[in-house]
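Subject: Structure handover

Hello,

Here is the structure for you to take over. My notes on what was found follow below it.

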Amino acid sequence: MSDQQNDARRTARDHVITARGLTRRYDKTVVVDSIDFDIARGEVFGLLGPNGAGKTTTILMMLGLTEISSGEVSVLSFNPAREPLKVKRRVGYLPDSVGFYDQLTATENLAYTAKLMGLPRAERVRRIEAALVRVGLADVASRRVATFSRGMRQRLGLAEIIVKRAEIAILDEPTSGLDPQATQEFLGLIGELKSEGITVLLSSHMLDQVQRICDRVALFQAGRIVLMGAVPELAVKVLGAGFVVEVEAEGLGIARRLAMIPGVTQVETLAADRFRMTAERDVRPDAARAVVAVDGSLRRLSVDEPSLEAIYARYFQVQPTGDVRHAA
Amino acid sequence: MRREGSPFQGLSTVFVKELADHISSVRMLMLELLIVFTALAALYEAINSLRQNTAEDPFLLLRLFTIDQAPLPSFVAILGFLIPLMAIGLGFDAVNSEHNRRTLSRILAQPIYRDALLMGKFLAALATIGISLAALWLLVIGLGLIFLGVPPGGEEIARSLVFLVVAIFYAGVWLSLAMLLSIVFRSPATAALVSLGVWLFLSVLWPMLAPAIAQAVAPSDPRYALLGLNDPATAIWTQELLRLSPNDLFGEAMLAVLSPSTRTLGPVFLDQLHGAVMGAPLPFGESVMIAWPQTVGLVAGTIVLFASGYVLFQRQEVRA
């Protein structure tokens, strides 16, 4: 009995967001179709999927900004449909292509939302200054937001979450439309949030970035979560193996030799002298031996981390999608 | 189940921000200049004509508001025409611009309800109009003092204050209409065009259409026409139809309050005039009673339009 209670308390503490059978219907169209997930405290969780797969709607339901048709979601053990203010006081949200009041300066924009958060004046000034320094906008704090680039606006949006001292940061497509350097900087900032113990929930269709920073991902397709877990787990599940080894070597019948190595599930010939093997384990020593055995010249032997892109591509290849809705 | 917290949390923040935006905006400056210059022209004509007719009128100050000197209409008529323009100018992009700037979801992710945002925007725009009208009112009184040299009496001040209050509610009707349209239409240009269309229809076309419709609904009896009189049934229909327009309600209320000798706003029978001293001014309270239904009509219009906008806004999707 007491074990069960402990267990329940621990789950409640460890899971900051819990969704059960969460569904959103517009008239007859089901946008989010009975999804379940748990997000642990301090985790970086990625929502992936094509546009219109239901990621943004899921996020809005968590914030109480759109109605929940059925099912339930609890955020920090509050129900966002009933206690939206409590949820919104603790959760920071950076919408998809966030907007600011162009005629106001960066500080004024943050001051407005900080006032809405109910922060007293002194606290407001202090937090805004610190947040702007942290996201690297201190120099332009008194410039009008109209002059800001997209990357700067995104960072300003993140500064708002920092001002709020949110326990959960929800970022919707935070890096779409950013140049590579801005993306790098932004991902660095997200990493900092994580190291402070803030739970980060982020939606994206930029797979390599998601893979780089997310502990776990959920793959959305037409309103359902079709895959969920850590990237290496998913690789095993979808690709059937965890290791992709690329061999660059010259010699006769190498492909055949490579295919004979135990544990190798597939060998693709990419070019006359390049092969890609998919295997259940690290087969690099065996591959080297195989090349030497046919008297070939081995030029390169590399192992790929299982890539989310491969998982994604493979998954949608295996299960051709009928109706992926393309809505913004 | 009740939702937690107060719907007015954050109201004052939104109010202050929107008020500052309005007051410092170029748009507001242009609207104010337009109104001040047109009103000054009307006042100038009024003052000229009043100086010639020597001041025997006990309500000289009120005459400033109502006297019209061709080709210019009276000060009140000009305001009746321009207040809607000002209200539409402040309200037509209230909600859809937040959508288009993509600030709406960010603001609503703060711990406030949508109520506070909509209400704050409405009150801020109304306060802006109120401030401008109060300034205009002071301007009229000041010019009256300088050029006519007659200090206004207490009753005149009271009557002109009623004018100020009714004018603010009149602006409220148009403001809530413009805000309703800013919720319905995602494009500010569409919302502006539709509200301006409604404004032109009600202030220019409706006064011409209403008698025609009344004629169709209640054709006048040829016997009245032979006597050179209007058929009372047609006249009443015309008036009822005209009263659907807030412009007409404002005009009637102002007539009752600013022209103290107005005894009624509708047709009267001769026996109802029995014992009346024609042309004698009515006491302040009686004039207000005559204007009361029109004022209530304006307040009710404001509330109904605002409430419909409120309901639509609550159900609207926040995503752009």
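The second largest cavity holds about 40 Å³ of space. Its lining consists of A:Leu48, A:Val217, A:Leu219, A:Leu234, A:Leu308, A:Ile311 and A:Tyr312. Two elements of chain A, strand 8 (216-221) and helix 12 (308-318), give two or more residues each to this lining. Helix 12 of chain A has the largest share, at three residues. By class, the lining of the second largest cavity is made up of seven nonpolar residues, with no polar and no charged ones. Please keep in mind that this is a predicted model.

Other cavities

The search covered the whole structure and turned up three cavities of 30 Å³ or more. For the largest cavity, the volume is about 40 Å³. The residues around the largest cavity are A:Pro174, A:Thr175, A:Leu187, A:Leu202, A:Ser204, A:Gln209, A:Val210 and A:Ile213. Strand 7 (199-204) and helix 8 (207-213) of chain A each contribute at least two residues to that lining, and helix 8 of chain A has the largest share with three. Five residues of the lining of the largest cavity are nonpolar and three are polar, while none is charged.

Largest pocket

The volume of the largest pocket is about 720 Å³. It is lined by 26 residues, and those closest to its centre are A:Gly64, A:Thr66, A:Glu67, A:Ala81 and B:Gln314. Which elements supply at least two residues each to the lining of the largest pocket? From chain A they are strand 4 (70-75) and helix 3 (84-90), and from chain B helix 7 (114-148) and helix 13 (284-315). Strand 4 of chain A gives the most, namely three residues. The lining of the largest pocket has 10 nonpolar, six polar and 10 charged residues.

Chain A overall

Chain A has 12 helices and 13 strands. Along the principal axes, its C-alpha atoms fill a box of roughly 75 × 55 × 45 Å. Chain A has 328 residues, of which 50% count as buried. Among contacts in chain A with a separation of 6 or more, 69% join residues 24 or more positions apart. The exposed area of chain A is about 15,100 Å², with 49% of it supplied by carbon and sulfur atoms.

Helix 12 of chain B

Helix 12 of chain B covers residues 246-258. At 1.5 Å a residue, its 13 residues should span 18 Å, and the end C-alpha atoms are indeed 18 Å apart, so the two values agree. Of these 13 residues, 11 are buried, and the helix is mostly covered. The buried residues include B:Leu249, B:Phe250, B:Met254, B:Val257 and B:Leu258, along with B:Asp248 and B:Glu252. The partners against which the buried residues of helix 12 pack are helix 3 (60-66), helix 4 (75-91), helix 8 (154-184), helix 9 (188-217), helix 11 (232-242) and helix 13 of chain B.

B:Ser259 sits in the loop between helix 12 and helix 13 of chain B. Is B:Ser259 buried or exposed? Its relative accessible area is 18%, which is under the 20% cut-off, so B:Ser259 counts as buried. Leaving aside residues up to four places away in sequence, B:Ser259 touches B:Thr66 and B:Met254. B:Met254 is itself one of the buried residues of helix 12 of chain B.

Regards

Definitions and conventions. Residues numbered from 1 in each chain as written. Chains lettered and ligands numbered in written order. Predicted model: local features only at pLDDT ≥ 70, side-chain atom pairs only at ≥ 80, totals over all residues. Heavy atoms only, no water. 1 Å grid on protein atoms, 1.4 Å probe; cavity = no way out; pocket = protein on both sides within 12 Å on 5 of 7 lines; lining within 4 Å. Points joined across faces, edges and corners; volume = space filled by probe spheres on them. Helix = DSSP H or I, 4+ residues; strand = E, 2+ residues; numbered from the N terminus. Nonpolar A, V, L, I, M, F, W, Y, C, P; charged D, E, K, R; others polar. Buried < 20%, exposed > 50% of the residue type's maximum accessible area, 1.4 Å probe, protein only. Contact = heavy atoms within 4.5 Å. Areas by Shrake-Rupley, 256 points an atom, 1.4 Å probe, with all protein chains shown as cover. Expected span 1.5 Å × (residues − 1).
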